[in-house]
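Welcome, and please open the model in your viewer. We will go from one selection to the next, with a short note at each stop.

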Amino acid sequence: MKALVFRGPGQKALEEKPEPKIEKPSDAIVRITKTTICGTDLHILKGDVPTVKPGTTLGHEGVGIVESVGDGVANFKPGDPVLISCITACGKCEYCRRQMYSHCTTGGWILGNLIDGTQAEKVRIPHADTSLYHLPKGEDEEALVMLSDILPTGFECGVLNGKVQPGQSVAIVGAGPIGLAALMTAQFYAPGRIIMIDLDDNRLEVAKKFGATDTVNSKGGDAVERVMALTGNRGVDVSIEAVGVPATFAICEAIVGAGGTIANVGVHGTKVDLHLERLWSHNITLTTGLVDTYTTPMLLSTVESKRLEPARLVTHRFTLDQVADAYATFGDAARSQALKVIISAS
Ligand SMILES: NC(=O)c1ccc[n+]([C@@H]2O[C@H](COP(=O)([O-])OP(=O)(O)OC[C@H]3O[C@@H](n4cnc5c(N)ncnc54)[C@H](O)[C@@H]3O)[C@@H](O)[C@H]2O)c1
Ligand SMILES: [Zn+2]
Ligand SMILES: [Zn+2]
């Protein structure tokens, strides 16, 4: 079968690989129909994620059809259309019992990291009963690919950790797919104001269409002043960091108001400053976390009931043979205006 294989920093290749086989009774083999590329895949290619060894198939998102299951799989059978969670969960270990699936002792983020991932014709899914979801009938597959990772991430690490409440002011720094996913799901809670901050005017335009009440381009270096002006100098109730660099974390710290929450979502590669000289008296909360995907069933329901329209995040489509073009397009979002790209694998 064809698979996109990581060959070391800066190198990847679409290669012929042996088809995955059931290795444990709890495994399923899924034939991928649609997959996509995550910002984290770009981090891997830059060499930022040393756990990914050369030879690993990339990708941790996708939908497909179950091809075979191990003897211990009870909830899925060959032919079932499924959503693959980016987080694999045994459902039994101490962390899984606390719904911290990202810390599962035999799972967590392993797809396209420690084991072969989804940017291939087929993938082996460990702990299939607790890591796959049945696809709602008649739903658009492309839309559902957005539920493997980015929507649960924006929702859990941004909106729920940030405790967004009706009427509140929310600022989201970073209008990439993750920031936009936080923007879409924040609206479940009817905040009064959602301010999006980015360097890219196109993404800020998209954010307006997705429900942002205000947008701030931080290129000029005055993002903090502008957010303070928008909030009557009080700062925001919730500031969501969806970039992962010191400059954007600093904005989040500077704009959080008294009693507010900074919800960090971005993956940080370097240390940041914690400005306790201002924040010590501000009763703030700082949250961090890798997505656990405990909200996936709820998000599937919101898609079924049309409360959430993830298809709006899809901008480009490719086949698996065109995966190099898909990476080039996704990797140059400022020029291509890409948000999420769909790769059809079969
Ligand atoms: N916590 C988790 O579980 C989890 C899961 C998935 C992704 N992530 C992380 O979330 C972050 C966002 O992911 P994404 O796919 O949306 O990334 P992305 O690169 O597509 O988007 C980031 C956005 O930030 C903007 N930006 C960059 N520097 C900026 C600055 N100085 N000021 C303002 N805006 C700036 C960019 O223009 C871009 O629109 C990444 O760090 C990613 O690794 C975290
Ligand atoms: Zn991801
Ligand atoms: Zn577990």
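**Stop one: a pair of strands**

Select residues 236-241 and 256-264: strand 11 and strand 12 run parallel and are joined by five bridges. Strands here are DSSP runs of E with at least two residues, helices are runs of H or I with at least four, and both are numbered from the N terminus; two strands pair if DSSP finds at least two bridges between them. Now pick Glu-241, whose bridge partner in strand 12 is Asn-264.

This is a predicted model, in which local features need pLDDT of at least 70 and side-chain atom pairs pLDDT 80 or more, while totals for chains, interfaces and linings use all residues. Residues are numbered from 1 along each chain as its sequence is written, chains are lettered from A and ligands numbered from 1 in the order written, and side-chain values use heavy atoms, without hydrogens and water.

**Stop two: the whole sheet**

Widen the selection to the open sheet of six strands, with parallel pairing and the order 10-9-8-11-12-13. At its edges, strand 10 (214-217) and strand 13 (285-287) each pair on one side only.

**Stop three: two helices**

Add helix 4 (residues 150-160), which packs on the sheet and touches strand 11, strand 12 and strand 13 (contact: heavy atoms within 4.5 Å). Its direction makes about 155° with that of strand 12; axes are lines fitted to C-alpha atoms, for helices over the stretch in contact, and angles run from 0 to 180 degrees between N-to-C directions. Next, helix 5 (residues 177-186) lies across strand 8 (169-173), strand 9 (193-198) and strand 11, at about 175° to strand 9.

**Last stop: zoom out**

Show everything: the protein has 12 helices and 15 strands. Its C-alpha atoms fill a box of roughly 60 × 40 × 40 Å along the principal axes.
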